[in-house]
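Please take a moment to look over the model shown below before reading on. The paragraphs after it are meant to be read slowly, with the structure open beside them.

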Amino acid sequence: MTTLLEVTGLEVFYGDFQALFGVSLSVAQGGATALVGANGAGKTTLLRAIAGAQPAARGSISYRDQNLTTAPPYQRIAQGIALVPEGRKLFPSLTVEENIQVGAAAAASKQWPLDRIYETFPMIARRRGQRASTLSGGEQQAVAIARALAAAPTLLLLDEISLGLAPLIVEALYQTLAELRQAGTTLVIVEQDLRRAMDSCDDLVCLLEGRVALAAPVPALTRDQVVAAYFGETATSGETAT
């Protein structure tokens, strides 16, 4: 498969604190990559760096063979990279439709007009005139994804989209993500639910204290291998690690 995103030797700091140490990963076009690890492992930092919200101190980020390491966020959006941040980060005083239109303002194309977005997310179609602050957690998450889709991304970065949501809502969101993949969108998903991550994605990358502890296609991994990498334990036989 064609490589869409290539991150090589990425190092990121917050002041004097180093959050990522030489992180590398490849994301295939049309695929789905799960990003797992304990709290503080660097998952959110990695997504923010790819999206341009956190500068890289060293290393490179290449997208469609174009070096975007120093590109500002608006240029990355125009290239087709969109981030659904942890905590949704909606504008609470704006309506559902106004929040979505914020994403559309930076749209690379008209691939995701409002009618298609509402068809994809019927749970928010009937809420389009409501303020975001009045929505349930699941509805807010759907709006956050819809806002990112309005920018017509080819790469969608999703940070903890299922955190704190009811199982039925999570199931509905993941069904939508599967449909997005079928439509050609590439996904990188930060997910704490290991079973769901392995069931929904082609590849898995586990971070441990800002470093890649494990990176492999999901079919080549066992749950025990991923859990060992997650906690920094001794790898079992047959594990693929970096």
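What follows is a walk through confidence, a sheet, salt bridges and a buried acidic residue.

The model is predicted, so local features are described only at a pLDDT of at least 70 and side-chain atom pairs only at pLDDT 80 or more, while totals for chains, interfaces and linings use all residues. Residues are numbered from 1 along each chain as its sequence is written, and side-chain values use heavy atoms, with hydrogens and water left out.

We begin with confidence. The pLDDT is the predictor's confidence in each residue, on a scale from 0 to 100, and the protein chain averages 91, with 95% of the residues scoring at least 70. Helices (H or I, at least four residues) and strands (E, at least two) are DSSP runs, numbered from the N terminus. Among these elements, strand E4 (residues 58–63) has the highest mean pLDDT, 98, and helix H7 (residues 167–182) has the lowest, 90. Over residues 236–242, however, the pLDDT is below 50, although this stretch has 15 contacts in the model beyond near neighbours in sequence, where a contact means heavy atoms within 4.5 Å. Where pLDDT is low, the predicted coordinates should not be read in detail.

Next comes the sheet. Two strands are said to pair if DSSP finds at least two bridges between them, and by this rule an open sheet of 4 strands can be followed in the order E2-E1-E4-E5, with antiparallel pairing. Strand E2 (17–28) and strand E5 (66–67) stand at the edges, each with a single partner strand, so one side of each has no neighbour in the sheet. Strands E1 and E2 run antiparallel and are joined by 8 bridges, and Thr3, for example, has Ala28 in E2 as its bridge partner. These two strands form a hairpin with 2 residues between them, and in the turn Gly15 has a positive phi of about 65 degrees. Strands E1 and E4 pair in the antiparallel sense over 5 bridges; here Thr8 has Ser60 in E4 as its bridge partner, and Glu11 has Arg58.

The last of these pairs leads to the charged side chains. A salt bridge is a side-chain nitrogen of Lys or Arg within 4 Å of a carboxyl oxygen of Asp or Glu, and a search of the whole structure finds 5 of them. One of these brings together the side chains of Glu11 and Arg58, at 2.8 Å from N to O. Because Glu11 lies in strand E1 (residues 3–14) and Arg58 in strand E4, the pair ties together parts that are 47 residues apart in sequence. A residue is called buried under 20% relative accessible area, exposed over 50%, and partly exposed in between (1.4 Å probe, protein chains only). By that measure Glu11 counts as buried at 18% relative accessibility, whereas Arg58, at 45%, counts as partly exposed.

Helix H7 takes part in two further salt bridges, described here in turn. The side chains of Glu171 and Arg196 meet at 3.2 Å, N to O, and since Glu171 lies in helix H7 and Arg196 in helix H8 (residues 194–200), this pair ties together parts that are 25 residues apart in sequence. Glu171 counts as partly exposed at 43% relative accessibility, while Arg196, at 10%, counts as buried. Arg181 forms a salt bridge with Asp202, the closest N and O atoms being 2.6 Å apart. This pair links Arg181 in helix H7 with Asp202 in the loop between H8 and strand E9 (203–208), 21 residues apart.

Which charged residue is buried yet has no salt bridge? Asp159 is the residue in question, and the nearest side chain of opposite charge, Lys43, is 6.8 Å away; in this count Lys and Arg are positive and Asp and Glu negative, while His and the chain ends are not counted. Asp159 has its place in strand E7 (residues 155–159), and a polar contact of 2.7 Å joins its side chain to that of Thr44. A polar contact is a pair of N or O atoms within 3.5 Å; within protein, one must be able to donate a hydrogen and the other to accept it, and residues adjacent in sequence count only if both atoms are side-chain atoms. Leaving aside neighbours within four places in sequence, Asp159 is in contact with residues including Leu47, Val84 and Val190.

Helix H1 (residues 43–51) is mostly covered, with 7 of its 9 residues buried, among them Lys43 and Leu47. The helix is followed by Gly52, whose phi is positive, near 90 degrees.
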